Amino acid sequence: MAERTIYMDHAATTPVHPKVLEAMLPYFSEKYGNPSSIYSLAQEASKAVDDSRETVANILGCRANEVIFTSGGSESDNTALKGVALACRQWGNHVITSSIEHHAVLHTCQYLENFGFEITYLPVDSYGLVNPSEVEKAITDRTTMVSIMLANNEVGTIEPISEISKVVRAREKRLGRSIVFHTDAVQGAGALDLNVDQLGIDLLSLSSHKFYGPKGVGVLYLRRGTPFMPQQSGGSQERYRRAGTENVPGIVGTATALKLAVEHMKSNNAHCRKLRDRLVTEIPKRIPNVRLNGHPSLSLPNNANFSFEFVEGESILLGLDLVGVAASSGSACTSASLEPSHVLLAMGVPPEIAHGSLRLTVGIYNSAEDIEYVLTVLPGIVERLRALSPLTSSSS
Amino acid sequence: MRLYLKIKDDTIEDVRFQTVGCGAAIAASSMLTVMIKGISTGEAEKLTNQAVAEALGGLPPTKMHCSMLAADALHNALEDYRKRSAG
């Protein structure tokens, strides 16, 4: 086993930034009060939550009371979809989403189907892009909600959220009532602008551990006036919209991490893009029969997703792990369901090609040396697997 | 998963595999070849996927089907051999 991990899976999770950890620590054992309690110890914690809320609101360009802290991206997505679809039931039962959403959105939509909701899962093109006019065509007089992700986690494709918003708002006028627009922005935070008015959305999900914050905490932005049924009942926290004692250290960490990510967004993006571009240029030069998945330009700056013919993704990941590189794949063998990536399949990638996919997502701590190392070790791994494979053509 | 058997006098003289699949699939087929080289077709017939999994030191539940693939490949190969030698 290699000594150091070269971590190339930042879309899966990120390490907590040292400044974030530092900001969080006092709230574990010193300022540990429950923000709902009256005494000074608790009020310190309450203030920390308030300040964090302000910080996040400033970044999103919204009011502080439109920010809800959750247990992460999955909860934010669940709460957004269930909370709005159920509240809007009297106006309709149709929800529009895309076929490449994260499972937290897709499975929640499937769950809603059990309760009489009809879901349209919009197709995407071969780059993974949702077409705003397809959204437009799908809207009926029963549509109450649209949910499209800001950027895709597997291939990095950036969706035209502002354009989709224009289309939704235009149809709202004709319908004479609102259609609520949610975006899963989990992968976009730190790389893309999150201003809720620019994006033109009513709800937005964030997950802290994707932008160098802690796991187990996230954000749900909920525009004032949006019909909403709270999904976690209990105490009065989050103005009765999401019960439960606040995860004070997590919330402080989230605000600190988001602030850092946004402050350094330009330089972080430039850093990641440079490293990613080197992978994208070099890998096809060094390894034959490879294709790039995703859009050449409308893509997250840190995402590189390749498909290698004749081999399978998980075996590539194991080979990489043996030499100290951490990455992920859209192969069926790496998923608990044994289904290949629904994102790649929706993009029209043939199953055998989806099977041989490798996702490399770089981060702020990756260096040029890391990339060169990957470029050195990857060809041999793929070659060895191709030598073992019955699919490799013998005519090369 | 492809298995190639070289059989003489009902003994598996040599065996090769080709596999496209996850680590467990490659390991299962590779281990299979180690287990059956030099044994009779009769003995090979009795080999189960459990035996392959055990030889590997066990497999996670989600990967047990990879050992099935290996066992199935073996039985298909022996079946193929029987058909060819009969005809």
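Helices here are DSSP runs of H or I with at least four residues, numbered from the N terminus. With that in hand, start the tour. Keep in mind that this is a predicted model.

**Stop 1: Val382 and helix H14**

Select Val382(A). It sits in helix H14 of chain A, which covers residues 368–388. Is Val382(A) buried or exposed? Its relative accessible area is 0%, so Val382(A) is buried. Now show what it touches. Leaving out residues up to four places away in sequence, the contacts of Val382(A) are Ile287(A), Phe308(A) and Val311(A).

Next, pick the C-alpha atoms of Val382(A) and Ile251(A). The two residues are 131 apart along the chain. In space, these C-alpha atoms are separated by 42 Å. Remember Ile251(A), since it returns in Stop 4.

**Stop 2: H14 meets H11**

Keep H14(A) on screen and add helix H11 of chain A, residues 313–322. Two packed helices are described by the angle between their axes and the distance between the axes. For H11(A) and H14(A), the axes come within 10 Å and cross at roughly 135 degrees. The two helices are therefore oblique to each other. The crossing of H11(A) past H14(A) is right-handed.

Select the contact itself:

- From H11(A), take Ser315(A), Ile316(A), Gly319(A) and Leu320(A).
- From H14(A), take Val377(A), Leu378(A), Ile381(A) and Leu385(A).

Colour these by type. Six are nonpolar, two are polar and none is charged.

**Stop 3: two loops with a positive phi**

Go to Phe310(A). Look for it in the loop between strand S10 (303–308) and helix H11 (313–322) of chain A. Phe310(A) is not a glycine, yet its phi is positive, about 80 degrees.

Then select Asn289(A). This residue belongs to the loop between helix H10 (265–286) and strand S9 (290–293) of chain A. Asn289(A) has a positive phi too, near 55 degrees, and is a residue other than glycine. Its relative accessible area is 39%, so Asn289(A) is partly exposed.

**Stop 4: H3 beside H9**

Select residues 40–60 of chain A for helix H3, and 248–263 of chain A for helix H9. How do their axes lie? They come within 9 Å and cross at roughly 30 degrees. That makes H3(A) roughly parallel to H9(A), because angles under 35 degrees count that way. H3(A) passes H9(A) in a left-handed crossing.

Show the residues that meet:

- On H3(A): Ala45(A), Ala48(A), Val49(A), Ser52(A), Thr55(A), Val56(A) and Ile59(A).
- On H9(A): Val248(A), Ile251(A), Val252(A), Ala255(A), Leu258(A), Lys259(A) and Val262(A).

Eleven residues of this contact are nonpolar, two are polar and one is charged.

**Stop 5: the cores**

In soluble globular proteins, nonpolar side chains tend to be buried together. The largest nonpolar core here has 62 residues. Which residues have the most contacts inside it? They are Leu60(A), Leu204(A) and Leu206(A). H9(A) gives the largest share of this core, eight residues.

Centre on Leu206(A). Not counting residues up to four places away in sequence, its contacts include Leu60(A), Ala185(A), Val186(A), Phe211(A), Val219(A) and Leu258(A). Another core, of 46 residues, lies apart from the largest one. Among its residues are Val374(A), Leu378(A), Ile39(B) and Leu74(B). Leu378(A) was also part of the H11(A)–H14(A) contact.

**Stop 6: Gly216**

Select Gly216(A), in the loop between strand S7 (203–207) and strand S8 (218–222) of chain A. At 42% relative accessibility, Gly216(A) counts as partly exposed. Beyond its neighbours within four places in sequence, Gly216(A) is in contact with Thr70(A), Ser71(A), Gly72(A) and Asn247(A). Now pick Gly250(A). The C-alpha atoms of Gly216(A) and Gly250(A) are separated by 7.4 Å, with their positions 34 residues apart along the chain.

**Stop 7: H4, H5 and Glu172**

Show helix H4 (residues 73–87) and helix H5 (residues 103–113) of chain A. Their axes are 9 Å apart, at an angle of about 30 degrees. That makes H4(A) roughly parallel to H5(A). Their crossing is right-handed.

Finish at Glu172(A), in helix H7 (residues 161–175) of chain A. Glu172(A) counts as buried, at 14% relative accessibility. Its contacts are Arg177(A), Ser178(A) and Ile179(A), not counting residues up to four places away in sequence.

Key. Residues are numbered from 1 along each chain as its sequence is written. Chains are lettered from A and ligands numbered from 1 in the order in which they are written. This is a predicted model: local features need pLDDT of at least 70, side-chain atom pairs count only at pLDDT 80 or more; totals for chains, interfaces and linings use all residues. Side-chain values use heavy atoms; hydrogens and water are left out. Axes are lines fitted to C-alpha atoms, for helices over the stretch in contact, and angles run from 0 to 180 degrees between N-to-C directions. Angles under 35 degrees count as roughly parallel, over 145 as roughly antiparallel, 65 to 115 as roughly perpendicular and the rest as oblique. A crossing is left-handed if the near helix is turned anticlockwise from the far one by less than a right angle, and right-handed if clockwise. Contact means heavy atoms within 4.5 Å. Ala, Val, Leu, Ile, Met, Phe, Trp, Tyr, Cys and Pro count as nonpolar, Asp, Glu, Lys and Arg as charged, and the others, Gly among them, as polar. A nonpolar core is a set of buried Ala, Val, Leu, Ile, Met, Phe, Trp, Tyr and Cys residues joined through side-chain atoms within 4.5 Å. Buried means under 20% relative accessible area, exposed over 50%, partly exposed in between (1.4 Å probe, protein chains only).
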